[in-house]
Amino acid sequence: MSNNQQKLKHQQVQYLEFLSRDLEKVKAFYTGAFGWNFTDYGPEYTAFEGDFVDGGFTLGEPSKGSILVVLYSEDLEGTKTKVLNAGGVISKEIFDFPGGRRFQFLDPDGYELAVWSL
């Protein structure tokens, strides 16, 4: 089992996405401060990996509430049904992205989260 697969736990926080004005500056900061490793996916997105955290930075204007918490699921459709049954509102239907599939939803307070699967 790969190191990335060992991090996967059903319906647990697994990935965080941030907005950043300057991807090069933010990469230098987090590499220096925490030793995170980065992989660029085009000019507007970079992913990071640390010992116990994975995430990414996308080009944009940071603002309060701009972090996207991403949960992992072994059963994406089943988790979507549970989100809906619990009162969540789907903000982005299931879509493919490099590495898997995901959807996004709003919780009762309006916070947006995402769920992804392989």
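Me: In this predicted model, in which strand is the place of Glu17, and is Glu17 buried or exposed?
Reply: Glu17 has its place in strand β1. Its relative accessible area is 14%, and buried means under 20%. Glu17 is therefore buried.

Me: With which residues is Glu17 in contact, leaving aside its neighbours within four places in sequence?
Reply: Pro98 is 81 residues from Glu17 in sequence, and their C-alpha atoms are 15 Å apart in space. Contact requires heavy atoms within 4.5 Å. Leaving aside neighbours within four places in sequence, the residues in contact with Glu17 are Tyr45, Gly56, Ser66, Ile67, Leu68 and Arg102.

Me: Over which ring does the charged end of Arg102 sit?
Reply: Arg102 is among the residues in contact with Glu17. Its charged end is 5.9 Å from the centre of a ring, and the cut-off for a charge over a ring is within 6 Å of that centre. The ring belongs to Phe97.

Me: Is Gln14 buried or exposed, and which residues does Gln14 touch beyond four places away in sequence?
Reply: Gln14 is found in strand β1. With a relative accessible area of 12%, Gln14 is buried. Not counting residues up to four places away in sequence, Gln14 touches Lys7, Leu8, Asp54, Val70, Leu71, Tyr72 and Trp116.

Me: Which element gives the most to the largest nonpolar core?
Reply: In soluble globular proteins, nonpolar side chains tend to be buried together. The largest nonpolar core here has nine residues: Leu8, Tyr15, Tyr45, Ala47, Leu68, Val70, Tyr72, Ala114 and Trp116. At least two residues of this core come from each of β3 (45-49), β5 (68-72) and β8 (112-117). The element that gives the most, with three residues, is β5.

Me: How many residues has the second, separate core?
Reply: Val70, a member of the largest core, is in contact with Gln12, Val13, Gln14, Tyr15, Arg102, Ala114 and Trp116, leaving aside its neighbours within four places in sequence. Separate from the largest core is a second one, which includes Val83, Phe103, Leu113 and Val115. The number of residues in this second core is eight.

Me: Which parts does the pair of Phe38 and Phe57 tie together?
Reply: The count of aromatic pairs comes to 14. In the pair of Phe38 and Phe57, the ring centres are 6.3 Å apart and the planes lie at 35°, so the pair is tilted. Phe57 is buried, with a relative accessible area of 3%. Because Phe38 lies in β2 (residues 37-40) and Phe57 in β4 (residues 54-59), the pair ties together parts 19 residues apart in sequence, namely strands β2 and β4.

Me: Which residues form one aromatic cluster with Phe38 and Phe57?
Reply: A pair of aromatic rings is described by the distance of the centres and the angle of the planes. Phe38 and Phe57 belong to one aromatic cluster. Its other members are Phe18, Phe29, Tyr30, Phe34, Trp36 and Phe48.

Me: Why do the buried residues of α2 line one face of the helix?
Reply: The end C-alpha atoms of helix α2 (residues 23-34) are 16 Å apart, which agrees with the span expected for its twelve residues. Leu23, Val26, Lys27 and Tyr30 are buried, whereas Glu24, Lys25, Ala28 and Gly32 are exposed on the other side. The cover over the buried residues includes β1 (13-20), β2, β3 and β4. They line one face because, seen down the helix axis, they fall within an arc of 100°.

Me: Against which strands do the buried residues of α3 pack?
Reply: In helix α3 (residues 76-85), the buried residues are Leu76, Thr79, Lys80 and Val83. Seen down the axis, they fall within an arc of 105°, so they line one face of α3. The strands against which they pack are β6 (89-97), β7 (100-106) and β8.

Me: Which residue other than glycine has a positive phi near 60°?
Reply: Most residues other than glycine have a negative phi. Just after α3, a positive phi of about 105° is taken by Gly87. The residue with phi near 60° is found in the loop between α1 (3-6) and β1, and is partly exposed, with a relative accessible area of 26%. This residue is Gln11.

Me: Is Tyr41 buried or exposed?
Reply: Tyr41 has its place in the loop between β2 and β3. Its C-alpha atom is separated by 9.9 Å from that of Gly56, 15 residues apart along the chain. The relative accessibility of Tyr41 is 51%, so Tyr41 counts as exposed.

Note on methods. Residues are numbered from 1 along each chain as its sequence is written. This is a predicted model: local features need pLDDT of at least 70, side-chain atom pairs count only at pLDDT 80 or more; totals for chains, interfaces and linings use all residues. Side-chain values use heavy atoms; hydrogens and water are left out. Rings of Phe, Tyr and Trp (its six-membered ring) pair if their centres lie within 6.5 Å; planes under 30 degrees apart count as stacked, over 60 as edge-to-face and the rest as tilted. Helices (H or I, at least four residues) and strands (E, at least two) are DSSP runs, numbered from the N terminus. Buried means under 20% relative accessible area, exposed over 50%, partly exposed in between (1.4 Å probe, protein chains only). A charge sits over a ring if NZ of Lys or CZ of Arg is within 6 Å of the ring centre and within 35 degrees of the ring normal. A nonpolar core is a set of buried Ala, Val, Leu, Ile, Met, Phe, Trp, Tyr and Cys residues joined through side-chain atoms within 4.5 Å. The expected span of a helix is 1.5 Å times one less than its number of residues. The arc is that of the directions from the helix axis to the C-beta atoms.
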